[in-house]
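Colleague: Could you walk me through one part of this protein up close? I'd like to start from a single residue and work outwards, in plain language please.

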Amino acid sequence: MKVLVTGGAGYIGSHTCKYLAHQGHEVVVYDNLSTGHRELIRWALFEHGDIRDLARLRAVIREHQPDGIIHFASSIAVGESVQDPGKYYENNVLGSLRIMQALQEEGVRPLVVSGTAAVYGLPESVPITENVSLSPINPYGRTKLVMEWMLQDFATAHALPWFSLRYFNAAGADPDGETGEWHDPETHLIPNVLRAICGEIPALRLFGDDYDTPDGTCIRDYIHVHDLASAHSLALEHLLAGKPATAMNLGTGNGISVKEILDTAQAVTGKKVPYTIEGRRAGDPARLVADATQARQILNWTPQYTGITDIIETAWRWHQKTKRKHCT
Ligand SMILES: NC(=O)c1ccc[n+]([C@@H]2O[C@H](COP(=O)([O-])OP(=O)(O)OC[C@H]3O[C@@H](n4cnc5c(N)ncnc54)[C@H](O)[C@@H]3O)[C@@H](O)[C@H]2O)c1
């Protein structure tokens with residue numbers, strides 16, 4: 001099949017492009033390179049463009065006639081979304097709307113989007129199933145929920161087939177070291193732990209060690225980026241087979257604490273992680289762990305990287321290979 005990937009120059013998008021290309025699919029990346037990297041577009045044709053540009057989107061869809069679209073392009077930082085909500089509503093809501101309108105104009109075809117666990121807000125119970133209430137507590141999560149509502153309305157009005165994959169914490173890197181996490185600024189835990197180990201930042205800032213968890217630090221569900229990539233491919237095939245539109249969680253179901261990440265990173269790298277303990281961050285729940293039974297059963301999806309050591313090993317390999325060559 002031929003797949004148009006928005007945000008294919010980014011972290012999860014580039015891994016998905018590699019995965020799709022290795023499955024024998026033709027891939028076209030649509031990206032404005034605002035946070036992505038030209039060097040990471042290695043498995044696809046590249047069309048430079050902004051998702052808010054309806055005319056450009058329509059022209060690219062008309063030219064390439066993709067069988068389906070995977071939509072990663074988005075602004076992704078929760079903290080920034082609180083400071084600058086307009087940026088998030090414009091990029092994530094308006095940008096997603098433009099993609100749906102482009103499909104409405106050029107002919108609807110399956111659309112798989114990046115959802116997020118942030119749509120659940122402070123969960124009522126853990127592990128989190130798709131049936132709990134959707135109550136995002138920050139603009140980032142709200143923009144992703146609005147995107148899902150728009151998808152439902154476009155499905156009703158224009159028969160748009162859609163699939164939203166609600167990831168928990170994306171982590172790790174391509175096992176071959178050909179792509180990996182490359183955000184600036186970096187807000188995610190594992191790359192920041194590796195940066196602290198390498199002396200690129202003075203210390204990791206650990207927010208809160210007095211939570212009601214066994215070691216007092218927050219527990220999250222880390223899902224390897226390769227497993228996210230395979231889920232997108234399966235979701236697209238699901239829609240192309242005419243199966244129903246829906247939203248599903250992607251996670252391993254294993255809760256790992258911040259301290260466990262630090263200990264594992266020390267074991268993998270053989271180096272100490274300098275860290276400082278700071279107060280809790282507003283809106284950080286103690287536990288966020290996925291119940292991904294639906295993805296396993298309905299998509300027949302099986303994550304390959306269920307151990308945190310494997311995940312951190314791939315991230316470490318990428319970290320050493322790229323910008324941080326001084327750290328060996
Ligand atoms: N990283 C995570 O842990 C995580 C968790 C849940 C959901 N997500 C979602 O996954 C998706 C990908 O995240 P990521 O970590 O790969 O982010 P990323 O910043 O690495 O990649 C985003 C890509 O989208 C492009 N882009 C952004 N705005 C654009 C626009 N207006 N037009 C065209 N291209 C644009 C960027 O240049 C970049 O290449 C996002 O939608 C994010 O919300 C990520």
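Modeller: Sure, let's start at V193. Leaving aside residues up to four places away in sequence, V193 touches L204, I261, L262, A265 and V273. Keep in mind that this is a predicted model.

Now zoom out a little. V193 belongs to the largest nonpolar core, which has 94 residues, and V193 and L250 are the ones with the most contacts inside it. Helix α7, covering residues 225-240, gives the most to this core, with 7 residues. Where does this core lie? It lies between domain 1 and domain 2, because both of them give residues to it. As a general point, nonpolar side chains in soluble globular proteins tend to be buried together.

That brings us to the two domains. The domain assignment puts 2-171 + 223-250 in domain 1, and 189-220 + 253-321 in domain 2. Their centres, taken over C-alpha atoms, are separated by 24 Å. Where they meet, 25 residues of domain 1 are in contact with 21 residues of domain 2. On the domain 1 side, the elements giving two or more residues are β7, β10 (222-224), α7 and β11 (246-250). Helix α7 turns up again here: the largest share of that side, 7 residues, comes from α7. By type, that side of domain 1 divides into 15 nonpolar, 8 polar and 2 charged residues.

Strand β7 is worth a second look, too. Besides giving residues to the side of domain 1 that touches domain 2, β7 (169-171) supplies at least two residues of the shell around the ligand, and so do α1 (11-22), α4 (85-106) and β5 (111-116). In total, 28 residues surround the ligand, and the closest are G7, G10, G36, S74 and A170. Helix α1 gives the most to this shell, with 3 residues. The make-up of the shell is 10 nonpolar, 15 polar and 3 charged residues.

Finally, step right back to the whole protein. There are 10 helices and 14 strands. The radius of gyration is 19 Å, close to the 20 Å that the globule rule gives for 328 residues, so the protein is as compact as a globular protein of that length. Its C-alpha trace spans about 55 × 45 × 40 Å along the principal axes, and 47% of the 328 residues count as buried. Looking at contacts between residues at least 6 apart in sequence, 78% join residues at least 24 apart.

Note on methods:
Residues are numbered from 1 along each chain as its sequence is written. This is a predicted model: local features need pLDDT of at least 70, side-chain atom pairs count only at pLDDT 80 or more; totals for chains, interfaces and linings use all residues. A nonpolar core is a set of buried Ala, Val, Leu, Ile, Met, Phe, Trp, Tyr and Cys residues joined through C-beta atoms within 7 Å. A residue is buried if 20 or more other C-beta atoms lie within 10 Å of its own, exposed if 12 or fewer, and partly exposed in between; C-beta atoms are placed from the backbone. Helices (H or I, at least four residues) and strands (E, at least two) are DSSP runs, numbered from the N terminus. Domain bounds come from an automatic or database domain assignment. Two residues are in contact if their C-beta atoms, placed from the backbone, lie within 7 Å. A residue is near a molecule or strand if its C-beta atom, placed from the backbone, lies within 6 Å of it. Ala, Val, Leu, Ile, Met, Phe, Trp, Tyr, Cys and Pro count as nonpolar, Asp, Glu, Lys and Arg as charged, and the others, Gly among them, as polar. The radius of gyration is taken over C-alpha atoms; the globule rule is 2.2 Å times the number of residues to the power 0.38.
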